[in-house]
Amino acid sequence: MAISQEDLFKKIVAHCKEYGFIYQSSEIYDGLSAVYDYGPYGSLLKNNIKEYWWKSMVQLHDNIVGIDAAIFMHPTTWKASGHVDAFNDPLVDNKDSKKRYRADQLIEGYMDKIEAKIKKEVEKAANRFENFDEAMYRSTNPRVVEYQNEINTIDKRMNDAMKNGDMAELKQIIEDLQIACPESGSRNWTDVRQFNLMFNTQLGNISGEEGKLYLRPETAQGIFVNFLNVQKTTRQKVPFGIAQIGKAFRNEIVARQFIFRMREFEQMEMQFFIRPGSEMEWYEYWKNARMQWHLALGTDASKLKFKDHDNLAHYANAAVDIQFEFPFGFKELEGIHSRTDYDLSQHQQFSGKKLQYFDTELNQSYVPYVVETSVGCDRMFLAMMSNAYQEETVPDAQGEDATRTVLKIHPALSPIKCAILPLLKNKEELTKKAKTIYDNLKLAFTCQYDEKDAIGKRYRRQDAIGTPFCVTIDFETLENDTVTIRDRDTLKQERISIKDIEQAVLSKTEMRYLFS
Ligand code: ATP
C-alpha cells in the first residue's frame with residue numbers, strides 16, 4: 001500500500017510509541033524537547049545495531065580495538081580540539097514569534113522549496129514524454145535551469161559566509177531572500193550570532209571557569225587522548241583503528257524530526273591511524289567499506305548516497321557523508337572524514353606530551369594521520385524503521401482483505417527473533433508444551449511467549465515489532481513433536497520438527513550472515 005512520505009514519518013513516530021520502541025523523555029511532565037527514551041523493543045533493536053557495528057569493526061578486524069572512554073574529559077581537551085572556539089551554529093531569533101532558528105537551515109529551507117519546484121516540473125514532464133531523459137531535461141529546460149542557477153548562487157553565498165564565519169552576510173541573505181518565520185510569518189529577525197553547541201556543567205570542588213566541564217559533543221576525542229595508551233598496551237602497528245560507541249551531547253538550536261536530531265544521542269565512531277600521505281587511499285577504503293556495511297542490511301542502493309562536503313571542517317582535508325533517504329529527504333546518516341594529524345597535533349601542543357608513533361619499517365617517528373568513520377546510532381535506528389515500516393493488504397482468517405502493519409527489519413536486527421504461540425490458551429497440554437519450547441529456545445536468542453488473543457491477532461502483534469518467525473504449537477504438536485513456523489515476509493507456514501526450530505531461526509537471524 002503506497003503511503004506518502006509525510007504520512008510515513010508520522011506513522012513511524014506513532015508506531016514507535018505504541019509498540020514500545022521509543023518514548024518522549026519525561027513524558028509525564030510533558031516531555032523534554034529532543035530527548036528520547038528507548039523502550040523494550042527499541043533498546044533491543046538499538047543494541048543489535050550497535051552489535052552489528054561493533055562486530056564488523058572490532059571483531060572482524062585484527063587491527064581495530066575498542067574502548068569505552070568517559071563522557072567527561074579534562075576541559076582543555078575541548079580547547080585543543082577546537083570545540084570551545086569553533087563548535088558553533090549560526091543562531092537567529094524571530095522577534096515576533098520568539099522562535100529560534102539556525103540561519104543556515106532557514107536558507108536551506110528556502111532552497112528546498114526551489115528544489116521542490118524543480119521536482120514538480122520534472123515529474124510533469126516525465127508524465128508527458130515517453131523515453132524521458134531527466135538529466136537532459138534538467139540541463140536544457142529554461143525554467144528548470146533558472147531555478148537551478150538560483151539554488152547554486154544562494155548555496156555558494158551561504159557556504160562562503162559559513163566558511164568565513166560571516167554572520168552579517170548570513171543575515172543579509174535571509175533579508176535578500178525575504179525569508180519569513182514559518183511560525184509568525186514575520187521578517188522581523190535579530191542579528192545572526194554564533195551559538196556554541198556544547199553543554200557545560202561545573203565540578204563540585206572547583207569554582208569558576210577553572211571547574212567548567214563539558215558533556216562531550218563527540219566520542220572521537222576520548223579516542224585521540226588515549227591513542228598512545230591503546231597503541232602501547234595492544235602493541236598495534238600503524239595502520240590500526242580504535243572504535244567506540246557512546247553518548248554525545250549537543251545543544252542543538254532547532255531539534256526536530258524525532259530522533260534524527262537529538263540533544264543527547266549515541267555515536268559509533270572509529271578513528272583509523274595511518275601513515276601521513278596514505279590518507280586518500282584509506283579514505284576511499286573506508287568510504288567503500290562503510291557503504292557496504294549499510295547495503296548488507298538489505299537497504300535499497302537507491303536510498304543511500306555519498307555527498308561530498310562543500311565546507312570542510314577545520315580539521316579535515318576530505319569529508320563525505322553517507323546520506324539516507326529519510327521520509328523527509330536525503331540526510332546525513334554517517335560522516336567519513338580525513339582528519340589529517342590535526343587532533344593528535346593539537347593535543348600534543350596543548351598537553352605538552354608527545355603523541356608520536358615510531359614506525360619501525362620507515363625507521364622514523366611521526367604524528368599519525370586519521371581517517372574517521374562516524375555514524376549516529378539513533379539515525380541508524382530511524383533509517384532502519386523508515387526502511388522497514390510497511391502496510392500490506394493480506395487475507396484475514398475469513399479470506400477478507402485486511403491491513404497488516406509489518407516491520408521488515410533485517411532478521412539479524414529484529415528485537416525478537418521468534419515468538420512461541422500455543423494455538424489455544426485454555427488447553428494446558430498446549431501451553432505447557434509451548435512453555436517448554438520457549439524455555440529451551442530463549443537460551444539461544446530473544447524469544448517471546450504469547451498466549452493472549454486469537455492466533456491471527458498474535459501474528460499481527462509480532463509483525464508490528466518485526467519478529468521474523470512465529471512458531472505455533474497445535475494439537476498435531478502433541479502427537480508428533482512438530483510445529484508450524486511462519487515467515488514474517490512470505491507469510492508461508494511450514495511444519496517442522498521441534499528439534500529443528502533453533503537452527504531454522506538461527507540460519508536467518510545470526511549476525512554472521514550480514515558479513516558473508
Ligand atoms: P548534522 O550536519 O546533521 O548536524 P554533523 O555533521 O554535525 O551532523 P557529525 O559531527 O559528523 O554530524 O557526527 C557524526 C554522526 O553523528 C552524524 O552522521 C549523525 O549520524 C550523528 N549525529 C550528529 N548530531 C546528531 C544529533 N543531534 N542527533 C542525532 N544524531 C546526531
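Visitor: Hi! Which atom of the ligand does a polar side-chain atom of R379 lie 3.0 Å from?
Guide: Hello! That partner is an oxygen atom of the ligand. Keep in mind as we go that this is a predicted model.

Visitor: Thanks. How much of the ligand's accessible area does the protein cover?
Guide: On its own the ligand has 590 Å² of accessible area, and the protein covers 85% of that.

Visitor: And which elements give two or more residues to the shell around the ligand?
Guide: Those are the strands β10 (264-274), β13 (329-340) and β16 (369-376). The biggest giver is β13, with five residues.

Visitor: How many residues surround the ligand, and which are the closest?
Guide: There are 15 around the ligand, and the closest are E252, R261, M262, E332 and L333.

Visitor: What does the side chain of E252 do there? Which ligand atom is 2.8 Å from it?
Guide: A nitrogen atom of the ligand sits 2.8 Å from an N or O atom in the E252 side chain.

Visitor: What about R261, where does its polar side-chain atom lie?
Guide: That atom of R261 is 2.7 Å from an oxygen atom of the ligand.

Visitor: By class, what residues does the shell have?
Guide: Six are charged, five are polar and four are nonpolar.

Visitor: Let's switch to salt bridges. How many does the structure hold?
Guide: It holds 43 of them. In general, side chains of opposite charge can pair when their charged atoms come close.

Visitor: Show me one. Which residue does R339 form a salt bridge with?
Guide: R339 pairs with E372, and their closest N and O atoms are 2.6 Å apart. Since R339 is in strand β13 and E372 in strand β16, the pair ties together parts that are 33 residues apart in sequence.

Visitor: Are those two, R339 and E372, buried or exposed?
Guide: R339 is buried, and E372 is buried as well.

Visitor: Now a pair from helices. Which residue meets R157 in a salt bridge?
Guide: The side chain of R157 meets that of E169, at 2.8 Å from N to O. R157 belongs to helix α7 (residues 142-163) and E169 to helix α8 (residues 167-176), so this bridge ties together parts that are 12 residues apart in sequence.

Visitor: How exposed is each one?
Guide: R157 is partly exposed, with a relative accessible area of 29%. E169 is partly exposed too, at 22%.

Visitor: And what about K17, which side chain does it meet?
Guide: K17 forms a salt bridge with E27, 3.2 Å from N to O. E27 is in the loop between β1 (22-24) and β2 (36-38), while K17 is in helix α1 (residues 5-18), so the two tie together parts that are 10 residues apart in sequence.

Visitor: What are the relative accessible areas of E27 and K17?
Guide: For E27 the value is 40%, which means partly exposed. K17 is partly exposed as well, at 43%.

Visitor: Which residues are linked in a network of salt bridges?
Guide: That network links E392, R404, K408, R460, D463 and R486.

Visitor: Last topic: which residues make the nonpolar surface patch?
Guide: L423, L424, F475 and L478 make it, and the patch is about 290 Å².

Visitor: Where does F475 lie?
Guide: F475 is in helix α16 (residues 475-480). Its relative accessible area is 36%, so F475 counts as partly exposed.

Key: Residues numbered from 1 in each chain as written. Predicted model: local features only at pLDDT ≥ 70, side-chain atom pairs only at ≥ 80, totals over all residues. Heavy atoms only, no water. Patch = residues over 30% accessible without salt bridge, like charges linked within 9 Å, V, L, I, M, F, W, Y side chains within 5 Å. Areas by Shrake-Rupley, 256 points an atom, 1.4 Å probe, with all protein chains shown as cover. Salt bridge = Lys/Arg side-chain N within 4 Å of Asp/Glu carboxyl O. Helix = DSSP H or I, 4+ residues; strand = E, 2+ residues; numbered from the N terminus. Buried < 20%, exposed > 50% of the residue type's maximum accessible area, 1.4 Å probe, protein only. Near = heavy atom within 4 Å. Polar contact = N/O pair within 3.5 Å; in protein donor to acceptor, adjacent residues only side chain to side chain. Nonpolar A, V, L, I, M, F, W, Y, C, P; charged D, E, K, R; others polar.
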